[in-house]
Amino acid sequence: MKRTGPSIILWSAIALVGAWALANIAIFRDESINAVWFIVAAICVYLLAYRFYSAWICARVLTLDATRATPAVRLNNNRDYIPTNKWIVFGHHFAAIAGPGPLIGPTLAAQFGYLPGTLWILIGSVLGGCVQDLVVLFCSLRRDGRSLGQMAKDELGPVGGWAAIFGTMMIITVIVAVLGLVVVNAMKNSPWATTTVLGTIPAAMLVGIYLSNIRPGRILEGSIIGLVLLLMCVVGGGWVHGNSTLAPLFDWNAMTCAWFVIIYGFIAAVLPIWLLLAPRDYLSAFLKIGVVILLAFSIMLYAPAIKMPALTQFIDGTGPIFKGDVFPFVFITIACGAISGFHSLIASGTTPKLLSNEADVRMIGYGSMALESFVAIMAMVAACTLEPGVYFAINSPGGVVGKVAGEAVNMINSWGFMVTVEQMQALATQMGEKTLFARTGGAPSLAVGMAAIFSSSFGKNLMAMWYHFAIMFEVLFILTTLDAGTRVGRFILQDCLKTVWKPMGDISSYPVTILSSALFVAAWGYFLIQGVMDPLGGVNILWPLFGIANQLLAGIALSVATGILIKMGKQRHVWVTALPLAWIAIICTWASFEKVFSSNPQIGFLAGATDMASKLAAGTLAPELANVAPQLIVGQRIDAVLTVLFASMLWIVILDMCRISYRFVNGKAVLPLSESAYVSCEAYAVK
Amino acid sequence: MLHKRLLYIWRFLRQLTGDDAYEHYLAHRQCAHTSEPVLTRQKFYLYRLELKSRGVNRCC
């Protein structure tokens with residue numbers, strides 16, 4: 001864009017409005033502030049970062065070349081390499097990267113108050129997450145769309161390559177377990193939510209049969225039928241909830257729900273994809289984009305006040321939802337809304353094979369992540385518009401505040417957040433639930449927040465419907481991630497196992513499929529069961545583990561990117577990726593250290609195991625806890641080993657990258673850049 | 001004018017969801033000179049799904 005008068009005025013105005021909105025959020029805290037400021041501040045920050053920072057990176061650091069033919073153009077086979085309109089690619093890429101993470105992370109991090117989470121979502125995304133996605137997409141695009149693992153191997157060597165593959169498999173295991181836990185906490189003792197979730201399975205299957213047998217490939221028709229069926233599931237759940245003979249049949253406890261999720265995950269992984277996975281994927285992609293737009297629209301329309309303080313006393317690490325100081329745990333908890341290593345797998349997967357112009361990486365890589373970060377801001381707003389007392393009552397596990405409602409309320413009131421048993425009961429009744437106490441995992445509180453925002457904007461009497469619609473929406477794409485994750489995890493597992501025993505690599509063999517799926521489901525199922533048994537609600541163990549694994553992958557991706565930039569001769573600008581990498585390395589190491597070695601048994605895995613072992617020996621544990629204590633003790637020790645493994649892996653890759661960069665700068669031999677040769681797109685112009 | 005715009009949105013929506021993938025495939029087949037048999041609508045749909053499910057395509 002030229003530096004014309006109007007454009008200077010426009011961008012100055014955006015900068016001023018953004019600065020004013022941010023100042024309102026961060027500094028002027030006397031009176032309650034409005035959610036609209038969050039939206040305005042976020043949009044201005046993304047616009048400025050996109051217009052200036054991303055443009056500078058693309059022009060000066062990556063030196064994008066629009067005349068260079070992309071892999072999709074050069075290798076067009078109308079199968080995986082297909083040149084595609086950039087808005088279509090944007091839609092696909094966004095639907096692929098946007099998962100439940102940015103909805104849950106900010107909801108949990110709201111226990112520190114709105115400020116730490118909001119600032120990290122904004123700063124982390126524009127300087128870290130968006131840059132990572134952009135540079136990885138660029139690197140993969142210049143290498144015929146190669147995967148992160150392959151790029152790590154080609155550019156850094158076998159150590160980086162194996163670390164990337166291991167990191168990918170571990171992160172999928174942990175994410176599937178923690179997402180399973182979120183589903184369990186949304187379903188437990190809720191006949192309405194349980195029947196809705198159960199109903200989505202036959203609904204997806206009907207769409208699957210329609211799309212493959214009745215009207216093959218008519219995806220729009222199938223999706224509309226599916227959306228109607230899903231709404232019927234929500235309404236049908238309400239009917240079951242009100243029916244005194246049916247409701248008790250679907251009133252499952254947490255362990256039953258966990259086994260349901262595990263068995264379901266296994267069946268979904270071995271069924272043909274056309275029957276369950278693919279149709280649900282279409283439906284969840286539609287709902288995802290629809291709900292994001294609806295939520296942004298309703299927040300602007302309803303303009304709710306933010307009730308959470310900017311900072312709570314829990315920044316000292318004593319929070320009820322998860323333990324740990326605001327530094328480093330706010331960064332680990334927000335996870336996907338600011339920087340997500342998982343995105344580098346998408347940016348080096350399907351997306352680079354679709355781009356028809358190299359210049360599009362800016363919008364797809366940087367832009368999609370900015371939008372994802374905006375989703376995280378909205379989740380933060382939805383959590384912070386709840387009364388803090390209500391927020392803590394929903395999200396605090398029984399093991400922290402007490403299992404009896406009165407106890408929990410007294411405890412929460414003692415922190416200075418007012419809530420009463422009657423208020424919680426009225427809210428539960430209004431939402432069509434028996435109780436909303438101790439529904440940890442983030443999904444229920446987000447659903448309450450969303451239901452409040454939606455129903456204020458459209459339909460005050462539909463609170464219970466909106467709540468279960470929100471639950472259905474969250475569960476739908478959590479289950480999609482769960483299926484897709486299990487399937488991909490299985491492929492990676494088979495890839496590793498075939499080096500030991502060749503026949504394990506056969507992806508079309510049915511016995512091998514069953515065996516490898518069972519192995520992978522057992523891996524995440526183990527963590528899920530551990531989370532359900534945990535007296536602190538499981539989130540306290542599993543979410544940090546997931547956050548660390550995700551940042552480990554981000555660290556690997558940024559190391560690969562940094563190594564490539566140095567080998568491209570961009571030493572002067574290498575801070576673009578090196579700075580976020582350094583930050584990730586610091587917080588990841590710090591958090592890992594705390595989670596392993598902290599002497600606080602509620603933070604440190606080892607201290608937790610020792611503490612429980614000594615209580616078990618002394619016989620001071622409650623009987624129901626004493627039964628599962630031996631498993632929990634082993635579980636915590638496994639978590640500790642895993643965390644040490646994550647942190648050491650990260651440092652091995654970083655040091656390997658530094659070694660290669662040092663050699664390159666000093667003129668010694670390194671692996672050559674594996675970039676494909678320049679071919680002008682004119683060679684492919686339509687004749 | 002409005003009619004044209006609506007048509008444009010409709011085409012965009014079809015392309016975004018992959019609703020028109022088979023038509024693109026047929027068009028591609030007319031230009032490509034291969035002896036492979038043309039897939040039926042159903043076979044093509046299943047084939048595309050299989051291809052899509054190999055890599056990581058959903059995230060947290």
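Modeller: The expected span of a helix is 1.5 Å times one less than its number of residues. Keep that rule at hand. The model here is predicted.

Biologist: How many Å should helix H23 of chain A span, and how far apart are its end C-alpha atoms?

Modeller: H23(A) covers residues 539–567, which makes 29 residues. The rule gives 42 Å for H23(A), and its end C-alpha atoms lie 41 Å apart, so the two values agree. Helix H20 of chain A, residues 443–457, passes the check too. Its 15 residues reach 21 Å from first C-alpha to last, close to the 21 Å expected.

Biologist: How many residues of H23(A) are buried?

Modeller: The cut-off is under 20% relative accessible area. In H23(A), 29 of the 29 residues are buried, so the rest of the structure largely encloses this helix. H20(A) is mostly covered, with 13 of its 15 residues buried.

Biologist: What phi does A:Gly569 take, just after H23(A)?

Modeller: A positive one, about 80°. A:Asn189 also has a positive phi, near 50°, and it is a residue other than glycine. A:Asn189 sits in the loop between helix H8 (158–187) and helix H9 (191–214) of chain A. A:Ala335 is another non-glycine case, with phi near 45°. Its place is the loop between H13 and H14 of chain A.

Biologist: Are A:Asn189 and A:Ala335 buried or exposed?

Modeller: A:Asn189 has 32% relative accessibility, so it counts as partly exposed. A:Ala335 is at 0% and therefore buried.

Biologist: Which peptide bond is cis?

Modeller: Check omega. The bond from A:Phe327 to A:Pro328 is cis, with omega near 5°. A:Pro328 belongs to helix H13 (residues 326–334) of chain A.

Biologist: How do I read the packing around one residue? Which residues does A:Ala383 contact, beyond its neighbours within four places in sequence?

Modeller: Set the sequence neighbours aside, then list what remains. For A:Ala383 that leaves A:Thr107, A:Ala110 and A:Tyr391. A:Ala383 lies in helix H15 (residues 361–384) of chain A. With a relative accessible area of 0%, A:Ala383 counts as buried. Compare sequence and space as well: A:Ala383 and A:Ser445 are 62 residues apart in sequence, yet their C-alpha atoms are 6.9 Å apart.

Biologist: And A:Ser517: which residues does it contact on that reading?

Modeller: With neighbours within four places left aside, A:Ser517 contacts A:Phe266, A:Ala269, A:Val270 and A:Arg490. A:Ser517 is part of helix H22 (residues 510–533) of chain A. Its relative accessible area is 0%, so A:Ser517 is buried.

Biologist: Now charges. How many salt bridges are there over all chains?

Modeller: The count comes to 18. Look at how far apart the partners sit in the chain. A:Arg68 pairs with A:Glu358, the closest N and O atoms being 3.9 Å apart. That pair links distant parts of the chain, 290 residues apart. A:Arg68 is in the loop between helix H2 (35–61) and helix H3 (71–74) of chain A, and A:Glu358 is in the loop between helix H14 (343–347) and H15 of chain A. The cut-off for the closest N and O atoms is 4 Å, so 3.9 Å qualifies.

Biologist: Are A:Arg68 and A:Glu358 buried or exposed?

Modeller: A:Arg68 is buried, at 11% relative accessible area. A:Glu358 is buried as well, at 2%. These two residues also join A:Arg142 and A:Glu675 in a network of salt bridges.

Biologist: Which residue forms a salt bridge with A:Arg439?

Modeller: A:Glu433, with the closest N and O atoms 3.5 Å apart. A:Arg439 is buried at 2%. A:Glu433 is buried at 5%. In chain B, B:Arg14 and B:Asp19 meet in a salt bridge of 2.9 Å, N to O. B:Arg14 is buried at 16%, and B:Asp19 is buried at 7%.

Biologist: Last, the interface. How many residues of chain B are in contact with chain A?

Modeller: Count residues, then area, then polar pairs. 29 residues of chain B contact 50 residues of chain A. The two chains bury about 3,400 Å² between them, 64% of it on carbon and sulfur atoms. Zero salt bridges are found across this interface. Six residue pairs there are in polar contact. On chain B, helix H1 (2–17), helix H2 (21–31) and helix H3 (41–52) each supply at least two residues of the side that touches chain A. H3(B) gives the largest share, nine residues. By type, that side of chain B divides into 13 nonpolar, nine polar and seven charged residues.

Notes: Residues numbered from 1 in each chain as written. Chains lettered and ligands numbered in written order. Predicted model: local features only at pLDDT ≥ 70, side-chain atom pairs only at ≥ 80, totals over all residues. Heavy atoms only, no water. Contact = heavy atoms within 4.5 Å. Buried area = accessible area lost by both parts, 1.4 Å probe. Salt bridge = Lys/Arg side-chain N within 4 Å of Asp/Glu carboxyl O. Polar contact = N/O pair within 3.5 Å; in protein donor to acceptor, adjacent residues only side chain to side chain. Helix = DSSP H or I, 4+ residues; strand = E, 2+ residues; numbered from the N terminus. Nonpolar A, V, L, I, M, F, W, Y, C, P; charged D, E, K, R; others polar. Buried < 20%, exposed > 50% of the residue type's maximum accessible area, 1.4 Å probe, protein only.
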